[in-house]
Amino acid sequence: QNKLKAMNFIKNIFARIWAVWAIILFVVTMLLFIIPFTIFYYLPEPRRTRFFIAWARVWMGIFLPLIGCPVYIRGKENFADGENYIVLCNHNSLIDVPVSSPGIPGGNKTIAKIEMAKIPVFGMLYRMGSVLVDRKSESSRRESFSRMKEVLDMGLHMCIYPEGTRNKTDQPLKSFHDGAFRLAIATKKPIIPAVLFNSKKVMPANKPFYLLPHPLQMHFLPPVYIKEQDTVESLKQNLFDLMGNYYLSHQ
């Protein structure tokens, strides 16, 4: 018992030190990439987002391995050439966004909360890759729905975390919100489920300022096409079961 407590104490100290290392690396690498990102900011859409994601993929391809969190992706063949999708990701950790957005093949935007856009320098990059929403504002939620439709109309993928916030439960998934499924029915765009593994081990939601090196995985499942008889509830339940069962059988 005492040995286990000592090991956990050492692990927690190491994770805090490693988090400092990760923050330093994040800032340094961000500053190295800031000039091309600033140039992309003035490009018209969808070129701006496509260039941004391409460079973010290079950035994260350097940063994530340096903090001991290389990403292994499976299922890219499920993205058909010339087609764009609503991509649904499970959400366990703050590290999910820098993994999922560059991991999705092609240009994409992520639905994201507006608060992070206020951070100096980083906020500019955050805005470029996101559809921002103030979840406390009904008008902001309506506007974000219209913006997501515009993203899909531009031929970009739209990445959504249907759980809304990080899953702090001991279950594979939190209950899903309706937004992603209303969007799918309104646009008839197919959904690609994406299941992230090990991000909860790297940055647990219940441990602030904590990071452990560990390989990450992102698995893209075959697309789910929208049928005439689909409702928000039936689609939501279908995807919840599909992603939850996949997570349990592959974790």
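## Briefing: a helix pair, a buried lysine and three loop residues

Lys-189 is found in the loop that lies between helix H6 (179–187) and strand S6 (191–197). The structure is a predicted model, and this briefing looks at that lysine, at the packing of helix H1 (residues 2–40) with helix H2 (residues 47–66), and at backbone features of Pro-46, Val-121 and Phe-209.

**Lys-189 and its surroundings**

- Although Lys-189 belongs to a loop, the residue is buried, because its relative accessible area is 19% and buried means under 20%.
- The side chain of Lys-189 is joined to the side chain of Asn-84 by a polar contact of 2.6 Å.
- When neighbours within four places in sequence are left aside, the residues in contact with Lys-189 are Glu-83, Asn-84, Ile-86, Leu-152, Ala-184 and Ile-226, so that Asn-84 appears both in this list and as the partner in the polar contact.

**The packing of H1 with H2**

- Helices H1 and H2 pack at an angle of about 155°, and their axes are 10 Å apart.
- Because angles over 145 degrees count as roughly antiparallel, H1 and H2 are described as roughly antiparallel to each other.
- The crossing in which H1 passes H2 is right-handed.
- On the H1 side, the residues that meet H2 are Trp-18, Trp-21, Ala-22, Leu-25, Phe-26, Thr-29, Met-30, Phe-33, Pro-36, Phe-37 and Phe-40, while on the H2 side they are Arg-48, Phe-51, Phe-52, Trp-55, Ala-56, Val-58, Trp-59, Met-60, Ile-62, Phe-63 and Leu-66.
- Sorted by character, the residues of this contact between H1 and H2 comprise 20 nonpolar, one polar and one charged.

**A cis peptide bond between the two helices**

- In the loop that lies between H1 and H2 one finds Pro-46, and the peptide bond leading from Glu-45 to Pro-46 is cis, with omega near 0°.

**Positive phi values outside glycine**

- Val-121, which lies in the loop between strand S3 (108–113) and helix H4 (122–128), is not a glycine and yet has a positive phi of about 65°.
- With a relative accessible area of 42%, Val-121 is partly exposed.
- Phe-209, located in the loop between helix H7 (199–202) and strand S7 (216–220), is likewise a residue other than glycine with a positive phi, here near 50°.
- Phe-209 counts as partly exposed, at 44% relative accessibility.

Methods
Residues are numbered from 1 along each chain as its sequence is written. This is a predicted model: local features need pLDDT of at least 70, side-chain atom pairs count only at pLDDT 80 or more; totals for chains, interfaces and linings use all residues. Side-chain values use heavy atoms; hydrogens and water are left out. Axes are lines fitted to C-alpha atoms, for helices over the stretch in contact, and angles run from 0 to 180 degrees between N-to-C directions. Helices (H or I, at least four residues) and strands (E, at least two) are DSSP runs, numbered from the N terminus. Angles under 35 degrees count as roughly parallel, over 145 as roughly antiparallel, 65 to 115 as roughly perpendicular and the rest as oblique. A crossing is left-handed if the near helix is turned anticlockwise from the far one by less than a right angle, and right-handed if clockwise. Contact means heavy atoms within 4.5 Å. Ala, Val, Leu, Ile, Met, Phe, Trp, Tyr, Cys and Pro count as nonpolar, Asp, Glu, Lys and Arg as charged, and the others, Gly among them, as polar. Buried means under 20% relative accessible area, exposed over 50%, partly exposed in between (1.4 Å probe, protein chains only). A polar contact is a pair of N or O atoms within 3.5 Å; within protein, one must be able to donate a hydrogen and the other to accept it, and residues adjacent in sequence count only if both atoms are side-chain atoms.
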